[in-house]
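Morning, everyone. Please look at the screen, and I will walk you through the structure piece by piece.

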Amino acid sequence: MENNARRAVVDLGSNSVRLVVFQGQSRNPVQIFNEKAVLRLARGLIRTGLLDTASMDDAVTVIRRYGAIARAMNAHPFEALATSAVRDAANGPDFTARLEAATPGLKVITLTGEEEARLSAEGVLCGIPGADGILADLGGGSLEVVRLSHGVIGEAATMPVGVIRLAERAADDPARAKLIVAEELEAVPFLAEGSGGDLYVSGGAFRALARIHIAQTGYPLNMVHHYTIGRDEARDLATVVAEASRKFIERMPGVARKRIDDLPYAAIILRRLLRATNAARVVFSANGLREGWFLRQLPPKMRKQDPLVAAGRDLTVGLLRDAALPDALIAWTAPLFPTETDPQRRLREGACWFSDIGNHEHPEYRAEQAFLRVLRQTGVGLDHHARAFLALTLALRYEAPADSAFLAPARALLDMAAARRAETLGAALRLAYTLSAGTPALLAATGLATEGDRLILTLDASSGVFAGDPIERRLARLASMVGMEAETRLI
């Protein structure tokens, strides 16, 4: 598939209908269009067994628009994934046939509960490949739960307790809703295997809870994907929202008005999930069904790529002075970090891939532009710690003053040890670029090594690389950061 080719998918959910158009073929999905309509197809389903007539009519209008967008964008395939409400409604098959007849080129796929759960799990693993714990994906009609074991999908279950269906089953009685959710979760024994691990939550209502918490706490990164809070914080958030009046919820910062009716039920479900799993943390995911659909269409080799490294490669297309330089920098900086862990090594490698990202920017703004581009990029494989580490490293590689105000979000997200590693790596990359002019050939004529308490820079005297004053100053600074004395040797 060409890198500018496009795919379109409609998430035909019980609460909302959303079109996403993905561009290209990359380990990290790139969205170029995203539009949602809240239609509440599941409204009245418990009482009638049928999809709401007005909602179906609205859906036909919306999906026809989505079809026009997909055709205008030359997106292929163009598919709709129908979930809980459509598969459970007696008129679901007639509705999907009507959609296909009204929308040229559309293929509607009605997912079973297990298929929906697995697709959602694959979407979460797209952004969190090593996820270990329990996944809970909440929609309007159902809740899917999946056991994840270090990135491997295990048992799955689906329950009819989406936010709309739960409200109807409980007759809008929160106390009754708690009992219904507790009973449904008790029937899923593998939830107890999440004890002490992570609870990964996906779905619009859960993400709305995350946005409330982000706004209330003044968190330095306004980004739900990978947002992580401890068990106690999650329980307190769920308790407040579940017991709050509508007027109180309306006044909460970060509240989406279309989610106000759903939030108490999402909070009840979250609290009951915390009890059932005994999870230590809650990790919010912006990924789900749609990203799982996208990932399935990639070649197996691409699906197995490290998303962090893939993000570095994707974001720097057309910006690198030499495509061979990142690998050379990875080897060149390794002697500075002899005891790094595997996660620390991945971050260092990612920083080497990102390290030339600002070379086209105005010199006065390179550091800040590189910082913001990395911190706020769309790479789904980057958690908030990784974003902060990479952004701080790149800003310092471009010689941002260490006390620059714009660095504050990254420093708030990193502990002192991680910030120190970022500062050291940034100084090392600055030295490498000064020596090599961003070329692997000149970098190969140099090397770093440690001997006792000395950091030694070796230079090939015949290469044209020499230790002028800028080199000596940057080497001395780097050496002081690792607690060593600087030495230059000609070979």
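Let's start with one residue, R165. Its relative accessibility is 8%. The cut-off for buried is under 20%, so R165 counts as buried. Keep in mind that this is a predicted model.

Where does R165 sit? It lies in helix α6, which covers residues 163–169. And what is R165 in contact with, once we set aside neighbours within four places in sequence? The list is L45, I46, S84, A85, D88, G140, G141 and P160.

Next, the sheet. Six strands form it, and it is open. Read the order with me: β8, β7, β6, β9, β11, β10. The pairing is mixed. Now look at the edges. β8, residues 152–159, and β10, residues 228–230, each have a single partner strand, so one side of each is left without a neighbour in the sheet. On average, neighbouring strands here are turned by 20 degrees against each other, ignoring direction.

Zoom in on one pair. Strand β6 is residues 133–138, and strand β7 is residues 143–149. They pair in the antiparallel sense, over six bridges. Find I134: it stands opposite R147 in β7.

Now the other end of the sheet order. Helix α9, residues 231–243, lies across β10 and β11. It runs at about 90 degrees to β10.

On to the cores. In soluble globular proteins, nonpolar side chains tend to be buried together. Here, the largest nonpolar core has 87 residues. Which members touch the most other members? They are Y66, L143, V145, L199 and F206. Helix α11, residues 263–277, gives the largest share of this core, with nine residues.

Take L199. Not counting residues up to four places away in sequence, L199 touches I134, A136, L270, L273, L274, T277, A279, R281, V282 and V283. You met I134 a moment ago, opposite R147.

There is also a second, separate core of 63 residues. It includes M223, F354, F371 and V374.

Last stop: helix α15, residues 325–333. Which of its residues are buried? L325, P326, L329, I330, W332 and T333. Look down the axis of α15. These buried residues fall within an arc of 170 degrees, so they line one face of the helix. What covers them? The cover includes helices α16, α20 and α21, along with strands β12 and β13.

That's the tour. Questions, please.

Note on methods. Residues numbered from 1 in each chain as written. Predicted model: local features only at pLDDT ≥ 70, side-chain atom pairs only at ≥ 80, totals over all residues. Heavy atoms only, no water. Pairing = 2+ DSSP bridges. Helix = DSSP H or I, 4+ residues; strand = E, 2+ residues; numbered from the N terminus. Axes fitted to C-alpha atoms, helices over the stretch in contact; angles between N-to-C directions. Contact = heavy atoms within 4.5 Å. Buried < 20%, exposed > 50% of the residue type's maximum accessible area, 1.4 Å probe, protein only. Arc of directions from axis to C-beta. Core = buried A, V, L, I, M, F, W, Y, C linked by side-chain atoms within 4.5 Å.
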